[in-house]
Amino acid sequence: MTYSVPVKDMLFAMEHLAKIDQVAQIPGFEEAGLETAQAVLEECAKLCEGVVAPLNVPGDVQPSSLKDGVVTTTAGFKDAFAQYGQGGWQGLQHPVAYGGQGLPKTIGAACIEMLNSANLSFALCPLLTDGAIEALLTAGSDELKATYLEKLVTGEWTGTMNLTEPQAGSDLALVRTKAEPQADGSYKVFGTKIFITYGEHDMAENIVHLVLARVAGAPEGVKGISLFVVPKLLVNADGSLGERNDVHCVSIEHKMGIKASPTAVLQYGDNGGAIGYLVGEENRGLEYMFIMMNAARYAVGMQGIAVAERAYQHAVAYAKERVQSRPVDGSVKASATIIHHPDVRRMLMTMRAYTEGCRAMAATAAAAYDAAHHHPDAKVREDNAAFYEFMVPLVKGYSTEMSLEVTSLGVQVHGGMGFIEETGAAQYYRDAKILTIYEGTTAIQANDLVGRKTGRDGGRMAKAIAAQIAGTEAELNASATPVAKVVAARLAEAREAFVQVVDFVVAQSRANPNAVYAGSVPYLMLTGNLVAGWQLGRSVLAAQELLTKGEDQAFMQAKLATAQFYAEHILTKVAGQAESIVHGGDSTMALPMEAF
Ligand SMILES: Cc1cc2nc3c(=O)[nH]c(=O)nc-3n(C[C@H](O)[C@H](O)[C@H](O)COP(=O)(O)OP(=O)(O)OC[C@H]3O[C@@H](n4cnc5c(N)ncnc54)[C@H](O)[C@@H]3O)c2cc1C
């Protein structure tokens, strides 16, 4: 099944929701207007559709393998990764000073989506490399930057994130890997890291591991964790590659999905100690890792949107081909393609509405990131940073949960054939499941949304978003078209329910934390339903205006219909979700532990 990049929808979100013309007014992004975006997306689409997408099924069937400590990736991956690096794609969003192209995230996010639609397993390698680059840019010394950044930005070397240990998953306070200071300023690292994505592979000359570890005597818990660079091959003073470091892959996992991406157990220091270099200051490792994790969390959210898009395209193609049953409206007198059946339409519209809603939400968040990091006005930076911070758990948590529903519907549209591997629909479902687990499970995203992003500021940012939504409703009501009125009414109901939940979270977080946290994932899902719906409401405003100018009638009409479907089928869930959050916490915790 071929994949076709939805360039038109990506550009629509970029132009009308993320407002790329405003991003292009930020110093440094002058060249990054719509024209550039279109050219970049079209070029990236060629690589994704032509080179990376055809490797998706082979990667599932013949995953990476390990022999004598050496991981061999699926045939074709190495060559595709070389093309990715040589095309400058790894450096798209990174500084020109290190060989990157310095483009905004607003454009980069769309490229990340299409790479992941093409092949989630493949795209993980660049995703983690991006995270390593971000961490070094933020906290690395000049020497570390000079040694590692350019090679990472050009894709000659790749990066990994080493947090997880057997006893330390969601709870990083339990990290035990040790780092011992050496006389020359370096450290020796000892310990075991598990589940390390692309921890070992054959696609690049060197692998730069970013590793969380404790220096002897450091405080207990998260305040005693430091971050180290531990290269697979040591780097000589002249930049050439030297000896093999004491970090080795001892096994790779057999997984439910994303099979082509090697998930490694890495052993550090079995032969005297792996040489590592401190990033930033001792004991501030988690803070730096959060920079990397925030970038990676956003990107994992894009993975959710990406796999949903691919599953949708696959399902549409099947629904137009499979002939089964007469349509209930009598429009065809014999068995017809299943796309005639209202329930199949319901499934396809649900898939489409969630995917477009999440894409719109992520595009808006990307523009906020660009303003937060690069806008010349400090107040604009601060406001956008707060908005972006609120959006990260939504982009990650909501878009990935939505991808499970969409890929499951994708299987359902295929009927029995969906359950059969050859069809390909099942792979998206299996691949999608990891997205709600790694980079912090959905519960961890929800804790972040409830605690740091809502409770800590007394609901200020949440209410500021509610006020903006009310503004969109007013614009929709003023335009007074039938679609706009429906969307505005549903948005208003959902917004009011959201505000009620925010008040509950703020009032009860201390008094009744169990009840609030019992509703944390529902709160995340409710907020995602609302915020994605809000962005589709903004899409209605843009599409209506473009229709009056005579632009692309079919695309704009489809946008309106999709937004109306979203309002009537997804925004309507919010009121029920609010009820269960505000009133249902106690029953979640009612049974004593012995009753389970
Ligand atoms: C394929 C794959 C690739 C991975 N890649 C990497 C990688 O590259 N680098 C890396 O460092 N790690 C990686 N991981 C590890 C991944 O990030 C962890 O699996 C994840 O963070 C969850 O940790 P855990 O598996 O220990 O689950 P646990 O933390 O044991 O969680 C079990 C359950 O308890 C819940 N839970 C735990 N704490 C809380 C809480 N405070 N509140 C509410 N619920 C809670 C969780 O939500 C979950 O449902 C990868 C994992 C896999 C499977």
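**Contacts of the ligand in a predicted model**

Colleague: What makes the pair between Thr 441 and the ligand a polar contact?
Modeller: In this predicted model, a polar side-chain atom of Thr 441 lies 2.7 Å from an oxygen atom of the ligand. A polar contact is a pair of N or O atoms within 3.5 Å, so this pair qualifies.

Colleague: Which backbone atoms meet that definition?
Modeller: A polar backbone atom of Leu 163 is 2.8 Å from a ligand oxygen, and a backbone N or O atom of Phe 195 is 2.7 Å from a ligand nitrogen. Residues are numbered from 1 along each chain. Local features need pLDDT of at least 70, side-chain atom pairs 80 or more, and totals use all residues; side-chain values use heavy atoms, without hydrogens or water.

Colleague: How many residues surround the ligand?
Modeller: The shell has 19 residues (a heavy atom within 4 Å); among the closest are Met 161 and Ser 170.

Colleague: Why is the ligand said to lie between domains?
Modeller: Domain 2 (158-285) and domain 3 (289-586) both contribute to its shell, so the ligand lies between them. The domain bounds come from an automatic or database assignment.

Notes:
A polar contact is a pair of N or O atoms within 3.5 Å; within protein, one must be able to donate a hydrogen and the other to accept it, and residues adjacent in sequence count only if both atoms are side-chain atoms.
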